[in-house]
Amino acid sequence: DKVFDSGETIETPSLEKKVKITNLSASPLNIVFLPPDPQVFISGGLEAQITLSLETDPTKTKIIRVNKIGLINLQ
């Protein structure tokens, strides 16, 4: 049903030390990948964007984009 219920397993990736999330395209952001087709469901639209930066130098950033067909792009 694309809604997390108690007892369901989810994966929450951890970030390296001194890396933080500075922006999300939707908050909270949920991305659900359903095999085997694959089907991708993104809260808030057809594409998700996550911006990461260094705590020690916020001008150094990376943008992760995930689209509705499951393509993950790092810029």
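What volume does the largest pocket have? About 970 Å³. Hi everyone, let me take you through this one, starting with the ground rules.

This is a predicted model, where local features need pLDDT of at least 70 and side-chain atom pairs count only at pLDDT 80 or more, while totals for chains, interfaces and linings use all residues. Residues are numbered from 1 along each chain as its sequence is written, and side-chain values use heavy atoms, with hydrogens and water left out.

Okay, the overall layout. The protein chain has six strands and zero helices. Both words refer to DSSP runs numbered from the N terminus: helices are H or I with at least four residues, strands are E with at least two. So reading from the N terminus, you just get β-β-β-β-β-β. The C-alpha trace spans about 40 × 25 × 20 Å along its principal axes. Of the 75 residues, 16% count as buried. Buried here means under 20% relative accessible area, exposed means over 50%, and partly exposed is in between, using a 1.4 Å probe and protein chains only. For contacts, meaning heavy atoms within 4.5 Å, take the ones between residues at least 6 apart in sequence: 38% of those join residues at least 24 apart.

Now the strand pairing. Two strands pair if DSSP finds at least two bridges between them. β2 and β3 run antiparallel, joined by four bridges, and they make a hairpin with four residues in between. If you want a spot to look at, find valine 32, which stands opposite phenylalanine 41 in β3.

Moving along the chain, β4 and β5 pair in the antiparallel sense, over seven bridges. That's a hairpin too, with six residues between the strands. Here threonine 51 stands opposite isoleucine 63 in β5.

β5 also pairs with β6, residues 72-74, again antiparallel, over three bridges. In that pairing, isoleucine 64 sits opposite leucine 74 of β6. The β5 and β6 hairpin has four residues between its strands, and glycine 70 takes a positive phi near 95 degrees there.

Back to the pocket. By pocket I mean, on a 1 Å grid over the protein atoms alone, an open set of points with protein on both sides within 12 Å along at least five of seven lines; lining residues have an atom within 4 Å of a point. Grid points are joined across faces, edges and corners, and the volume is the space filled by probe spheres set on the points. With that in mind, the largest pocket comes to about 970 Å³. It is lined by 25 residues, and the closest to its centre are Glu11, Thr12, Pro13, Ile31 and Phe33. The elements that give two or more residues to the lining are β1 (19-24), β2 (31-34), β4 (47-54) and β5 (61-67). Which element gives the largest share? That's β2, with four residues. By type, the lining divides into 17 nonpolar, four polar and four charged residues. For that count, Ala, Val, Leu, Ile, Met, Phe, Trp, Tyr, Cys and Pro are nonpolar, Asp, Glu, Lys and Arg are charged, and the others, Gly among them, are polar.

Next, the inside. In soluble globular proteins, nonpolar side chains tend to be buried together. A nonpolar core, for us, is a set of buried Ala, Val, Leu, Ile, Met, Phe, Trp, Tyr and Cys residues joined through side-chain atoms within 4.5 Å. The largest one here has eight residues: Ala26, Leu29, Val40, Ile42, Ala48, Ile50, Leu52 and Val66. β3 (39-42) and β4 each supply at least two of them, and β4 gives the most, with three. Isoleucine 50 is worth a click: leaving out residues up to four places away in sequence, it touches Ile21, Asn23, Leu24, Leu29, Lys62, Ile63 and Ile64.

A last look at some single residues. Is serine 53, in strand β4, buried or exposed? Serine 53 counts as buried, because its relative accessibility is 2%. Its contacts, again skipping residues up to four places away, include Lys18, Val19 and Pro58.

At the other end of the scale, aspartate 1 lies in the segment before β1 and counts as exposed because it has 70% relative accessibility. Lysine 2 is in the segment before β1 as well, and is partly exposed, at 45%. The C-alpha atoms of lysine 2 and isoleucine 31 are 9.2 Å apart, with 29 residues separating the two along the chain. Thanks, that's my tour!

Definitions and conventions: On a 1 Å grid over the protein atoms alone, a cavity is a set of points where a 1.4 Å probe fits but cannot get out, and a pocket is an open set with protein on both sides within 12 Å along at least five of seven lines; lining residues have an atom within 4 Å of a point.
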